[in-house]
Amino acid sequence: MTGADTLALPAIPSFRLDGKRALVTGASRGIGFAAAAALAAQGAEVVLCARSGTALERACDALTSAGHRARPLVLDVTDLAAVENVLAAEPPFQVLVNCAGMARHGPFVEARPADFDAVVNVNLRAAFFLAQNVSRRLIEAGETGSIINVSSQMGHVGGVDRSVYCATKHALEGMTKAMAIELARHGIRVNTLCPTFVDTELVRSTLADPERRAWIMSRICLGRLAQLGDLTGPLLLLASDAGAMMTGSALVVDGGWTAA
Ligand SMILES: NC(=O)c1ccc[n+]([C@@H]2O[C@H](COP(=O)([O-])OP(=O)(O)OC[C@H]3O[C@@H](n4cnc5c(N)ncnc54)[C@H](OP(=O)(O)O)[C@@H]3O)[C@@H](O)[C@H]2O)c1
């Protein structure tokens, strides 16, 4: 066969993250911990952030015992002055996973301003300003990066008793698209990861309610809750060069919930 007949193989990008620094908020347990473990396993040096130092030490021990590079950062992401101080003392992060989140579910007509403010503060306001901070540092350093905002299938549909939570997750989707178009010229990609229900502390009371559990299982076409591991492949796609052409997108990992 002559050279002219040879079909060129496409360049297959890598999921590896060697040489990258990753900051994961809400990393002491649940989805954030799974994200930190996945990034570390691909070679990133991971900083795990949450408010509880004890829980963070335990999470970091699990990662370092497995031979990964991880360290704790005790930080309340809603404290914007503290966030600014901490990031000023750090080299830039090439990967940010905005995963810290909370919920105060209940009927729309009973939602109180204090509940609204608390959930918006963590799920949206803190994510916005942390992403702004990380982006500024990358731009100053002339480096590229990937920001992953952990949204939800509830960023695309409504859910029972979830008016406040849905408000924050739909807003994260819009914020992500707007950030993506501004940051693209700096080589910073911004996407959301949108899981269906995963059995974590956040949703334990919902899953314990037989009526709510039946609603959930009736909506997930694949017939099961997501496992933490189901989220790690999609997360790594967004974080790595494997997702180099993805920005402003929502990667829905919902077992078909929003397709129906
Ligand atoms: N589980 C699900 O079914 C599901 C589905 C879709 C989307 N999500 C989203 O996934 C994300 C993680 O949820 P999860 O289920 O893993 O929740 P989780 O198990 O309750 O974990 C929440 C994490 O966020 C941290 N956190 C909360 N407030 C914080 C603050 N102010 N500053 C810093 N860290 C804070 C918590 O640690 P400390 O309390 O020690 O600070 C913990 O590490 C959330 O954004 C959630 O909305 C979850």
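## Strands β1 and β2

Leu23 stands opposite Val47 in β2, and this pair of residues offers a good place to begin reading the predicted model. The two strands concerned, β1 and β2, run parallel to each other and are joined over five bridges. Between them the chain does not turn straight back, but crosses from β1 through helix α1, which spans residues 30-41, to β2, and this β-α-β crossover is right-handed. Strand β2 is itself mostly covered, since five of its six residues are buried.

## From β2 to β3

On to the next strand, β2 is joined to β3 by five bridges, and these two strands also run parallel. Within this pairing, Cys49 stands opposite Leu73 in β3. The chain passes from β2 through α2 to β3, making a β-α-β crossover that is right-handed. The helix of this crossover, α2, is made of residues 53-65 and lies across both β2 (45-50) and β3, with its direction running at about 170° to that of β3.

## The whole sheet

When the strands are placed side by side, seven of them form an open sheet with parallel pairing, in the order β3-β2-β1-β4-β5-β6-β7. The strands at the edges are β3 (70-74) and β7 (250-253), and each has a single partner strand, so one side of each is left without a neighbour in the sheet. Neighbouring strands of the sheet are turned against each other by 20° on average, when direction is ignored.

## Strand β4 and its partners

Strand β4 is paired with β1 in the parallel sense over three bridges, and one detail of this pairing is that Ala22 has Val95 in β4 as its bridge partner. With β5 (residues 145-150), strand β4 (residues 95-98) pairs in the parallel sense over four bridges. Here Val97 has Ile148 in β5 as its bridge partner, while the bridge partner of Asn98 in β5 is Asn149. The chain crosses from β4 through α4 to β5, and this β-α-β crossover is right-handed.

Which residues of β4 are buried on its two faces? Val95 and Val97 are buried on one side, and Leu96 and Asn98 are buried on the other, so that both faces of the strand are covered. It helps to recall that in a regular strand the side chains alternate between the two faces of the sheet. Helix α4 (residues 113-141) packs on the sheet, where it touches β1 (21-25), β4, β5 and β6 (188-195), and its direction makes about 175° with that of β4.

## Around the ligand

The model also holds a ligand with 29 residues around it, and of these Ser28, Arg51, Tyr165, Val198 and Thr200 come nearest. Where do polar atoms of the protein and the ligand approach each other, taking the side chain of Thr200 as one example? An N or O atom in that side chain is 2.4 Å from an oxygen atom of the ligand.

Backbone atoms take part in such approaches as well. A polar backbone atom of Ser52 is 3.0 Å from an oxygen atom of the ligand, and a polar backbone atom of Val77 is 3.0 Å from a nitrogen atom of the ligand.

Definitions and conventions:
Residues numbered from 1 in each chain as written. Predicted model: local features only at pLDDT ≥ 70, side-chain atom pairs only at ≥ 80, totals over all residues. Heavy atoms only, no water. Pairing = 2+ DSSP bridges. Axes fitted to C-alpha atoms, helices over the stretch in contact; angles between N-to-C directions. Contact = heavy atoms within 4.5 Å. Buried < 20%, exposed > 50% of the residue type's maximum accessible area, 1.4 Å probe, protein only. Right-handed = clockwise from strand over helix to strand, strands pointing away. Near = heavy atom within 4 Å. Polar contact = N/O pair within 3.5 Å; in protein donor to acceptor, adjacent residues only side chain to side chain.
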